[in-house]
Amino acid sequence: MVSRLRTYCAESCLAVLMAGAILAACLLAPTESTMGHAQRIIYVHVPVAWLGLVGFLVMAGSGLAYLSRRNLAWDHWFQAAGELGWLCCGLTLATGSLWAHEAWGTWWEWDPRLTTAFILWAVYSGVLLVRAGIDDPHRRARVGAVLAVLGALDVPLVVMATRWFRGLHPATPEMAPWMRLTLLICVAAFTVFFAWLANRRREQLELDSRWVHLRQDS
Amino acid sequence: MAAFWWIVHKDLVSEFRSRRVWPAMLLLGIVVALVFSLQVELLAEQKQQIVGGLLWLSVFFAGAMVFDRSFAAERDEGCWDGLKLLPVSPGAVFLAKWTVNVLALAALESLLIPLFFVLSDLPLAAHAWQLALIAALASPGLAAVGTLVSGLATGGGKGGNGLVLVVLPLVIPVLLAAAECTRLAVAQQIDEAWWRWLQLLGVFAIVFITAGTLLFEYAIED
């Protein structure tokens, strides 16, 4: 009873935080002078881009933890973070395209950061697809862990792309204080939402795993 | 160390005797190069822009055949368990297989690079040392990823076939850097940007070889 009440309180706070982030993005942040209201897409684009990278690092970290401990609980975190990270990475490309169409007049450019973000999404897709084809849970965890650690080598490249190579994508654009505050609120809210979703998905995978064991034992 | 050289010697002698993989790899590389050249009718300046990308894509497709067959001999002859039970570190086995794959890629590039330049009517001798340097830095990175993924695929049953899906995204940074280096070299732009792309190739080679050596033990488990 107490834990259910705690869950309801936590989820209510999360709902308030997300609502606050959306309201801040729509009402609090000033309208950008050049792009107008189209600029507000960055309040979604930047958080999901950040979470696309975080998801991959969590995936790689969970994979390393599984390789050292051989506990399938880590693989459940791997799967949860991988699925959500893949979704966030896809949303990054989609929202980025919407912004690019307004800013650069084109849906896509082979800019270094866009290219490496696409590579990250492709690596995510490959890892999840390969895992989906493996039935044995320990082999699936091991193969996924090795591939994720290898793929994680791409993450620093995505982060540093705009610093190492000149391109169209803005590196650290100047922002008005209220815009910066709104962006921070959105990043925080999306991060908490991501963590909550990942935990719920992990619980679901754990229950699924227990059910499979019970069915095998019976 | 002795085991490393023994495995390299074994694989090279086996390949030279049986000629199962390298001729097919070279033929595939030639065919891909010819198809690209037939389809791409451009001016010389435009060819300079794309020859790097086409070259390294050809190297990847032909090289993937070698990577796929890295452990085929052990698997087909029932020696896979014997290889895993060898009293040597898995890292040494990985490095030996990686060395053989690098040599295969070197043979492939020594054929494909002149072929591409001849078919594109671009001067090769003027860029020889730059191309040799690019190949020397790109091949180790490609071979490291290919060898590790091949070990993963050989270790298990159904899931192995899908692993080719993940090799290309993993090596795209290497292919991009190599293609860009080649484009700049052909355009006579050996400047700071060219050296930066080259450094990136070197970094990827070191990182992927290290990762492969450390992860190979987990890749070949049952």
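**Exercise 1. Confidence in chain B**

Find which elements of chain B have the lowest and the highest mean pLDDT in this predicted model.

*Solution.* Start at the low end: helix H4 (residues 72–76) of chain B has the lowest mean pLDDT among the elements of that chain, 75. At the other end stands helix H6 (residues 90–120) of chain B, with the highest value, 91. Next, take the chain as a whole: the mean pLDDT of chain B is 85, and 95% of its residues reach 70 or more. Finally, turn to the scores of the model, which are ipTM 0.83 and pTM 0.85.

**Exercise 2. The fold of chain B**

Work out how many helices and strands chain B has, and then check its radius of gyration against that of a compact globule.

*Solution.* First, count the elements: chain B holds nine helices and zero strands. Along the sequence this reads α-α-α-α-α-α-α-α-α. Second, apply the globule rule: for 222 residues, a compact globule would have a radius of gyration near 17 Å, and the 18 Å of chain B agrees with that. Third, look at the box along the principal axes, where the C-alpha atoms of chain B fill roughly 55 × 35 × 30 Å. Fourth, add burial: 44% of the 222 residues of chain B count as buried. Last, consider contacts in chain B with a separation of 6 or more: 85% of them join residues 24 or more positions apart.

**Exercise 3. B:Trp5**

Decide whether B:Trp5 counts as buried or exposed.

*Solution.* Locate the residue first: B:Trp5 sits in helix H1 (residues 2–18) of chain B. Now count neighbours, remembering that a residue is exposed if 12 or fewer other C-beta atoms lie within 10 Å of its own. B:Trp5 has 12 C-beta neighbours inside 10 Å, so B:Trp5 counts as exposed. As a further step, follow the chain to B:Leu95, 90 residues away in sequence; the C-alpha atoms of B:Trp5 and B:Leu95 are separated by 9.8 Å.

**Exercise 4. A helix of chain A**

Test the span of helix H4 (residues 112–132) of chain A against 1.5 Å a residue.

*Solution.* The 21 residues of this helix should span 30 Å, because the expected span is 1.5 Å times one less than the number of residues. The end C-alpha atoms of the helix are 30 Å apart, which agrees. For its surroundings, note that H4(A) is mostly covered, with 16 of its 21 residues buried.

**Exercise 5. Where the chains meet**

Describe the side of chain B that touches chain A by its elements and residue classes.

*Solution.* Begin with the totals: 21 residues from chain B and 23 residues from chain A take part in the contact. On the side of chain B, the elements that give two or more residues are helix H7 (128–155), helix H8 (164–186) and helix H9 (192–219) of chain B. Then sort that side by class, which gives 15 nonpolar, three polar and three charged residues.

Notes
Residues numbered from 1 in each chain as written. Chains lettered and ligands numbered in written order. Predicted model: local features only at pLDDT ≥ 70, side-chain atom pairs only at ≥ 80, totals over all residues. Contact = placed C-beta atoms within 7 Å. Helix = DSSP H or I, 4+ residues; strand = E, 2+ residues; numbered from the N terminus. Nonpolar A, V, L, I, M, F, W, Y, C, P; charged D, E, K, R; others polar. pLDDT = per-residue confidence, 0-100. Buried ≥ 20, exposed ≤ 12 C-beta atoms within 10 Å, placed from the backbone. Rg over C-alpha atoms; globule rule 2.2 N^0.38 Å.
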